[in-house]
Amino acid sequence: MNIFRNLYKTGISHLIPGIIVMAIVAIAVLSANGQLENAGGSEVVVAETDPVSIDKNKKDVGNEDNPPVKVGDIDLANCADGKYTGRGQGYAGYLEVEVTVKDHKMTKIRLIKNQADDAPYLAKAKAVIPRVVKAQSLDVDSISGATYSTNGILAAIEDALLKSMGRGSSYKESKKKKKTPVAFDDGEYNDGTFIGSAGAYRGNIDVAVTIKFGKITTIVITKTQDDQEYLADAKAVIPAMIRKQSPNVDTVSGATYSSKGIINATKKALNKARKDPSKKEDPAPEEKPVAPQIPDPGNNDGITPLDIEYLDGTYYGTGLGYNTSFRLKVEVAVYQTKILRIELIEHQDDLDYILPAAKILFPKIIKRQGINGIDTVSEATYSSWGILDAVDDALKDAVKP
């Protein structure tokens, strides 16, 4: 209203009707060519420019600020935006990835499927993915110790990028036939305890197999360097073999190498225990294996072994450590009536306390062949109590009647 009042004062009030008409026409034109949007209660006019004609035959080769990047023999300038899946041959089967392409660059790569590669190697191989994204190239260093899985991931990424260029998949399923494991020839066994050794994930794994009345009664791991994370799962084959009275059992998924090592070591032990059908009248003498050396923490601690004999086998026990809301768990292996190995397999105590306590207490308990007279570890008292209680709990089932 002040505008019109000022116009009257300037003496050009006769122009007002024309100005109003022009304003109405301008709003109508803008409304026709654009659109009106309500933003927070106020009307904002969004004008659209004429669409730019696109030459579909012209390649987007980037510009000086964002040049195209070549991935191996693949020019990312030719890769359309989107998400693409690709497959590559890993160690034991195919690996599948999803590659996201935006503005001619790989912005995200996900491993979405693993057919058969072992978890330990694949976990290492996945480290190649951020390298590829950072370098925008497949020309990156392979991951030491996981070459086949690494190459499978790289091949899968390349396959996905070829699809983004409108080409077909480059993946061809391996024609190699998987080896069918030869079944172990079960037979009759001599009574006794027999040692077997076979390759596992981090070296050889040794087992002691005890036969009583011709039956497999216990299988104890006497030596291993495999990671506890995988070994804990792999041990599932032990009760399976005892239940089936045969090492012809399946390996454990996710712990293939460790479980295969246990199975193969058991086979070798059983081969030593096998009765020879051709020599029934003159059977071969029972093999007396050399017992594994029990760890000795030193002779300056004044520990005298207890005169106790245990039943061979693997035993589990729990105890309350520092975290009283969770019972820590130990595994105790007995071989030839003696405690051979102790492992901490579950806990929620602070690592700064539980690990030193276990490192000091386990060899002392093995040397003492029990917990009697073993003191707690200074500055790790509660965790020590939990370990001692758990070992004592396990040994209750191992004491000979």
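Begin by selecting Glu379, which sits in the loop that connects α9 and α10. This is a predicted model, and every stop on the tour should be read with that in mind. At Glu379 the backbone phi is near 70 degrees, a positive value in a residue other than glycine. With a relative accessibility of 71%, Glu379 counts as exposed, because the cut-off for that class is over 50%.

Keep the loop in view and move to Gln369, which also lies between α9 (351-368) and α10 (381-395). Here too phi is positive in a residue other than glycine, with a value near 60 degrees. Is Gln369 buried or exposed? Its relative accessibility is 4%, so Gln369 counts as buried, the limit for that class being under 20%.

Now zoom out to the whole protein, in which ten helices and 13 strands can be coloured separately. Of its 401 residues, 38% are buried, and the accessible surface comes to about 24500 Å², with 52% of that area belonging to carbon and sulfur atoms. If you draw a contact map and keep the contacts between residues at least 6 apart in sequence, 56% of them join residues at least 24 apart.

The next stop is a pair of helices. Select helix α4 (residues 128-135) together with helix α5 (residues 147-164), whose axes are 10 Å apart and whose packing angle is about 40 degrees. That angle makes α4 oblique to α5, and the crossing in which α4 passes α5 is right-handed. To see where the two helices meet, show the side chains of Val128, Ile129 and Val132 on α4, and then those of Thr150, Ile153, Leu154 and Ile157 on α5. Sorted by class, the contact of α4 with α5 contains six nonpolar residues and one polar residue, and no charged residues.

From there, go on to a second helix pair, formed by helix α7 (residues 237-244) and helix α8 (residues 256-273), where the axes come within 10 Å and cross at roughly 35 degrees. The crossing of α7 and α8 is right-handed. On the α7 side, display Val237, Ile238 and Met241, and on the α8 side display Ser259, Ile262, Ile263 and Thr266, which together make the contact. What is the make-up of the contact of α7 with α8 by class? There are five nonpolar and two polar residues in this contact, and no charged ones.

Stay with these helices and select Thr251, which is placed in the loop between α7 and α8. Thr251 is partly exposed, with a relative accessible area of 36%. Once neighbours within four places in sequence are left aside, the contacts of Thr251 are with Thr256, Ser259, Lys260 and Ile263. A distance label drawn from C-alpha to C-alpha between Thr251 and Ala234 should read 7.6 Å, for two residues that are 17 apart in sequence.

The last selection is Asp227, found in the loop between β10 (215-223) and α6 (228-234). Asp227 is partly exposed, its relative accessible area being 26%. Which residues is Asp227 in contact with, leaving aside its neighbours within four places in sequence? They are Tyr201 and Arg202, so displaying both side chains beside Asp227 completes this view. To finish, draw a C-alpha to C-alpha distance from Asp227 to Ala255, two residues that are 28 apart in sequence and 10.0 Å apart in space.

Definitions and conventions. Residues numbered from 1 in each chain as written. Predicted model: local features only at pLDDT ≥ 70, side-chain atom pairs only at ≥ 80, totals over all residues. Heavy atoms only, no water. Axes fitted to C-alpha atoms, helices over the stretch in contact; angles between N-to-C directions. Helix = DSSP H or I, 4+ residues; strand = E, 2+ residues; numbered from the N terminus. Parallel < 35°, antiparallel > 145°, perpendicular 65-115°, else oblique. Left-handed = near helix turned anticlockwise from the far one by under 90°. Contact = heavy atoms within 4.5 Å. Nonpolar A, V, L, I, M, F, W, Y, C, P; charged D, E, K, R; others polar. Buried < 20%, exposed > 50% of the residue type's maximum accessible area, 1.4 Å probe, protein only. Areas by Shrake-Rupley, 256 points an atom, 1.4 Å probe, with all protein chains shown as cover.
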